[in-house]
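Please open the model in your viewer and keep the selection panel at hand. The tour below proceeds selection by selection, and at each stop it says what to pick and what is there.

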Amino acid sequence: MLEPATTKIGMPLEEFIRLYDAEGPFELIDGERIPKMPNVAGHDETSRTTFIALHLFTKERQLGEVMMESPFVLSYTANWVTGSRIPDVMFYRAERINAYKEANPDYKLKPYRRAAGARRARAP
């Protein structure tokens, strides 16, 4: 008996990076590329204000790193991206970002990703 063919959701990491650079920012949700829409002035102002406040607070206390509109890969294994988001503002605890950088010496060439075993943020 033949088993039904399965479709692998996502794309190779190299293709993700190439498309992101060539075609502009997008999120990968349930296998679908969704282009990032340009921000309106009010949204940009709020994101920037939030980023600056968090950046100054965390830097002074050496709590971690704050990023603004950086692509974030939910998971990739064997260089296969299964989902991504572009949060307005993102915070990485110092221990996690340092461990990520140590484990990924070429991290500057890749999108950030959730560490193995990390919990997902939950909506209130």
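Throughout this tour, a residue is called buried when its relative accessible area is under 20%, exposed when it is over 50%, and partly exposed in between. Keep in mind as well that this is a predicted model.

**Stop 1: Ser47 and Met68**

Begin by selecting Ser47, which lies in helix α2. Is Ser47 buried or exposed? Its relative accessibility is 5%, and because that is under the 20% cut-off, Ser47 counts as buried. If you leave aside the neighbours within four places in sequence, the residues in contact with Ser47 are Met68, Asp88 and Val89.

Follow that contact to Met68, a residue of strand β4, which at a relative accessible area of 26% is partly exposed. Displaying the surroundings of Met68, and again not counting residues up to four places away in sequence, you will find that Met68 touches Asp44, Ser47, Arg48, Phe51, Pro87 and Asp88. Add Asp88 to the selection: although Met68 and Asp88 are 20 residues apart in sequence, their C-alpha atoms are 5.6 Å apart in space.

**Stop 2: the nonpolar cores**

Next, select Met11, Leu13, Phe16, Leu19, Tyr20, Phe26, Leu28, Val73, Val81 and Ile86, the 10 residues that make up the largest nonpolar core. Two elements, α1 (13-23) and β2, give two or more residues to this core, and α1 gives the most, with 4 residues. Within this group, centre the view on Leu19, which touches Met11, Gly24, Phe26 and Arg33 when residues up to four places away in sequence are not counted. There is also a second, separate core of 9 residues, and its members include Leu74, Met90, Tyr92 and Tyr100.

**Stop 3: the two sides of helix α3**

Tyr100 leads on to helix α3, which spans residues 94-103 and in which Ala94, Ile97 and Tyr100 are buried. Why do these residues share one side of α3? They cover an arc of only 135 degrees around the axis, which puts them on the same side of the helix. As background, an α-helix has 3.6 residues a turn, so residues three or four places apart point the same way. Now rotate to the face of α3 turned away from its buried side, where the exposed residues Glu95, Glu102 and Ala103 are carried.

**Stop 4: a nonpolar patch on the surface**

Switch to a surface representation and select Phe57, Leu63 and Phe91, which together make a nonpolar surface patch of about 260 Å². Of these, Phe91 has its place in strand β7 (residues 89-93), and with a relative accessible area of 38% Phe91 is partly exposed.

**Stop 5: two residues with positive phi**

Finish with the backbone at Asp30, which is found in the loop between β2 (26-29) and β3 (32-35). Asp30 has a positive phi of about 50 degrees although it is not a glycine, and at 69% relative accessibility Asp30 counts as exposed. Then move to Gln62, placed in the loop between α2 (41-61) and β4 (64-68), where phi is again positive, at about 50 degrees, in a residue that is not a glycine. Gln62 is exposed, with a relative accessible area of 68%.

Conventions:
Residues are numbered from 1 along each chain as its sequence is written. This is a predicted model: local features need pLDDT of at least 70, side-chain atom pairs count only at pLDDT 80 or more; totals for chains, interfaces and linings use all residues. Side-chain values use heavy atoms; hydrogens and water are left out. Patches are made of residues with over 30% relative accessible area and no salt bridge: like charges are joined within 9 Å, nonpolar side chains (Val, Leu, Ile, Met, Phe, Trp, Tyr) within 5 Å. Accessible areas come from the Shrake-Rupley method with a 1.4 Å probe; for residues, only the protein chains shown count as cover. A salt bridge is a side-chain nitrogen of Lys or Arg within 4 Å of a carboxyl oxygen of Asp or Glu. Buried means under 20% relative accessible area, exposed over 50%, partly exposed in between (1.4 Å probe, protein chains only). The arc is that of the directions from the helix axis to the C-beta atoms. Contact means heavy atoms within 4.5 Å. A nonpolar core is a set of buried Ala, Val, Leu, Ile, Met, Phe, Trp, Tyr and Cys residues joined through side-chain atoms within 4.5 Å.
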